Amino acid sequence: MAKKQSFFTSLSAGRLVVIGVPYFWFLLLAAIPLLIVLKISLSEMESTSISHMIDWSHGWPRLTLNFGSYQFLATDSLYFKTYLSSIKYAAITTLLCLVIGYPFAYYMARSPKHMQPTLLMLIMLPFWTSFLLRIYAWKTLLVSNGVINNILISLHVIDTPIEMMNNSFSLLLGMVYSYLPFMILPLYANLSKMDMRYLEAAADLGTSPFKAFWLITVPLSKAGIIAGSMLVFIPAVGEYVIPELLGGSSTLMIGRVLWDEFFSNNDWPMASAVAVVMILLILVPMGVYNKAQAEQMEGK
Amino acid sequence: MATAPKEANKAAQEILLRVENVTKVYDGTVKAVDDVSLTVMKGEIFALLGGSGCGKSTLLRMMAGFETPTKGKIFLANQDITNLPPFQRPINMMFQSYALFPHLSVWENVAFGLKRDGMPKDEIAERVEKMLSLAQLNQYAKRKPHQLSGGQQQRVALVRSLAKRPQLLLLDEPLGALDKKLRESTQLELVNIIEEVGVTCVLVTHDQEEAMTMASRIAVMSEGYFLQVGEPDTVYEMPNSRKVADFIGNVNIFEGKIEEDEPDHVTVRCPECVHYVGHGVSGHSGMDVGVALRPEKIMLSKDKPNSEYNWCAGEVIEIVYFGAHTTYHLKLDSGKVIKAQELNNTRDLSCGLTWGDRAYASWSDLAMVVLTQ
């Protein structure tokens, strides 16, 4: 403990400012809003301000917590189904992004050094157009009288339009399309740093290039795979815009339930409870995983 | 290690590796290796010695199969392996800074090559245990490479490359990543393990001491070709050129002209002195030559030697004490500085010379080498 104290007391004002800015940012824009959401989820429908929850009539503050929203969440199977379905879509998206993104990242990392900035630019290029516009663009491509169906019909490949919109296909297409760069970038960062001597050593010990990829490259890029998967999976679970625009009514995603609770039902405590459970669903496995990773790094 | 060359000679009947006129050109113009030929006998430890950029690593990488020669062929046991990919060659390499797989344990690292060969599990286990005990690493089998010291990593790398019992073992700067103290003990350990297994080795190093102690033959390389190939003592005592003499150990080189050229002796007149060399030289009188003289072959004294040849005089300008010996820097009257090494075989500083003293350096008529190149 003594060591820690001396660390903090030895901080100069300049250092405190540098460390303080991100902490302040985090506190103001993440921690406090989260606490407010948590608080709202524990209040009753009518009393969403903090003063209503604290009763001063006995001379000391008394906090009234209302777990009604959580009880309802647990009893209505719709929520459970939606969480499950969100996780399912997010997991499939992550997997598809990994399968498609890995060759991309691998190719980029193994390209000549002078080509790499250009390739990286190409990955970033879609970000220059609004995310919303790009999703709408997919809509015009996929609908029954959209570009793809029209071309296929005029070429006499098909007679009747293929149903590509408002189902899990269009949802997954939109999600994979949107989140692919977030998989490629950390994978590329990881793969481009890889020491090629490991592959030479593997070849020297009798490993064909194909096997060396699975035995050396993939395990050594584990950190990149995990980082990319986290970056895709976490926002994908709570995704709202893509299921709203491309998913149709048949695809259940928790983001849309959240929206409905907030803005259609105006049930803020319920909506907040849904959000809190969603955060826990993502945070708990992440925390457990991180702890396991840290232990693995320390010990033998 | 002085006995190593002779032992190797006895066994050196069979040619294992033959490199024929191999040239490697990068980017169409840069000649990394220039028309090199060499043969390595079975059981030999062969060293490629040279400074950085001399082409020694490129040559080694062509033997391993990581580079393809632009011209020329490489044969292993009479089989042309020039275009064989590395994973099909019965050659293993110990990499510079080891390239141990960081995600695998010591045991798995050593077993890696064996598993690729589809060896039965119990045989793999047996072989790995044997290899680990050879390197005294059994208790570290479960550790990851980053949990080992530099010396331990080096031994893992060695036994990993030995596990498949390769016909030829390539060592790329095997001791380069270790500090000096560890190098010395590891050098002998490495040679002992290699000799116990009885594998033929080609070793790349920039460290002439490493090459001398480990190898049975040395090829001194510069700018892509071999300057001289020979046993360590030959290369040291009979360098064939100024470059080799200068690269291997310390040397004083006197420039001069051959005066007398007789079958049993020659004299070389230099600005500093006249050298009387007690053997014939392939040259002619009037020829410009260099006379190479190693510092340890020079005797220093305060008294003028009683001879007309093989001595010179100068002022002591530097004394470097090494413990076992002392090196004196002598500034000759011509302005040339030579180094002379005196053994400290008694505990008082024997020849009693100090800074600013006038000293006489002398040597025997068989101490020097006449260099025509």
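Begin by selecting N266(A), the residue with a positive phi, near 55°, that follows helix α14(A). Keep in mind from here on that the model is predicted.

**Chain A: helix α14**

From N266(A), step back into helix α14, residues 254-264 of chain A, and colour I254(A), G255(A), V257(A) and E261(A), which are buried. These residues cover an arc of only 165° around the axis, and therefore sit on the same side of α14(A). Turn the view to the other side of α14(A), where F263(A) and S264(A) are exposed.

**Chain A: helix α11**

Next select helix α11, residues 209-220 of chain A, in which A212(A), L215(A) and I216(A) are the residues to highlight as buried. Why do the buried residues of α11(A) line one face of the helix? Looking down the axis of α11(A), you will find that they fall within an arc of 85°, so they line one face. A general point helps in reading such a pattern: an α-helix has 3.6 residues a turn, so residues three or four places apart point the same way. If you then add α10, residues 197-204 of chain A, to the selection, you have part of what covers the buried residues of α11(A). On the other side of α11(A), show the side chains of F210(A) and W214(A), which are exposed.

**Chain A: two partners of helix α9**

Now bring up helix α9, residues 168-193 of chain A, together with helix α5, residues 77-110 of chain A; the two pack at an angle of about 45°, and their axes are 6 Å apart. With that angle, α5(A) and α9(A) are therefore oblique to each other, and the crossing in which α5(A) passes α9(A) is right-handed. Colouring this contact by residue class gives 23 nonpolar and 3 polar residues, with no charged ones.

Keep α9(A) on screen and replace α5(A) with helix α12, residues 222-237 of chain A, which packs with α9(A) at an angle of about 155°, the axes being 8 Å apart. Because of this angle, α9(A) is roughly antiparallel to α12(A). The crossing of α9(A) and α12(A) is right-handed. To see which residues meet, select M175(A), Y179(A), F182(A), M183(A), P186(A), L187(A), A189(A), N190(A) and L191(A) on the α9(A) side, and on the α12(A) side A223(A), G224(A), I225(A), A227(A), G228(A), L231(A), V232(A) and A236(A). By class, the contact of α9(A) with α12(A) has 14 nonpolar, 3 polar and no charged residues.

**Where the chains touch**

Display both chains and select the residues in contact between them: 19 residues of chain B are in contact with 14 residues of chain A. On the chain B side, β6 (91-94) and α3 each supply at least two residues, and α3(B) gives the largest share, 3 residues. The residues of this side of chain B divide into 9 nonpolar, 4 polar and 6 charged.

**Chain B as a whole**

Hide chain A for a moment and zoom out to chain B, which has 9 helices and 20 strands, and whose C-alpha atoms fill a box of roughly 75 × 50 × 40 Å along the principal axes. Of the 373 residues of chain B, 40% count as buried. Among the contacts in chain B with a separation of 6 or more, residues 24 or more positions apart account for 65%.

**Chain B: helices α3 and α4**

Zoom in again on helix α3, residues 106-116 of chain B, and add helix α4, residues 121-134 of chain B; these pack at an angle of about 130°, with their axes 10 Å apart. The angle means that α3(B) and α4(B) are therefore oblique to each other, and their crossing is right-handed. For the contact, select W107(B), V110(B), A111(B), L114(B) and K115(B) of α3(B) with I124(B), R127(B), V128(B), M131(B) and L132(B) of α4(B). This contact has 8 nonpolar, no polar and 2 charged residues.

**Chain B: two positive phi angles**

Most residues other than glycine have a negative phi, and the last two stops depart from that pattern. D35(B), found in strand β2 (residues 30-41) of chain B, has a positive phi of about 50° although it is not a glycine. Is D35(B) buried or partly exposed? With 14 C-beta neighbours inside 10 Å, D35(B) counts as partly exposed. Finish at E223(B), in the loop between β9 (217-222) and β10 (225-230) of chain B, which also has a positive phi of about 50° without being a glycine. E223(B) has 15 C-beta neighbours inside 10 Å and therefore counts as partly exposed.

Terms used:
Residues are numbered from 1 along each chain as its sequence is written. Chains are lettered from A and ligands numbered from 1 in the order in which they are written. This is a predicted model: local features need pLDDT of at least 70, side-chain atom pairs count only at pLDDT 80 or more; totals for chains, interfaces and linings use all residues. Axes are lines fitted to C-alpha atoms, for helices over the stretch in contact, and angles run from 0 to 180 degrees between N-to-C directions. Helices (H or I, at least four residues) and strands (E, at least two) are DSSP runs, numbered from the N terminus. Angles under 35 degrees count as roughly parallel, over 145 as roughly antiparallel, 65 to 115 as roughly perpendicular and the rest as oblique. A crossing is left-handed if the near helix is turned anticlockwise from the far one by less than a right angle, and right-handed if clockwise. Two residues are in contact if their C-beta atoms, placed from the backbone, lie within 7 Å. Ala, Val, Leu, Ile, Met, Phe, Trp, Tyr, Cys and Pro count as nonpolar, Asp, Glu, Lys and Arg as charged, and the others, Gly among them, as polar. A residue is buried if 20 or more other C-beta atoms lie within 10 Å of its own, exposed if 12 or fewer, and partly exposed in between; C-beta atoms are placed from the backbone. The arc is that of the directions from the helix axis to the C-beta atoms.
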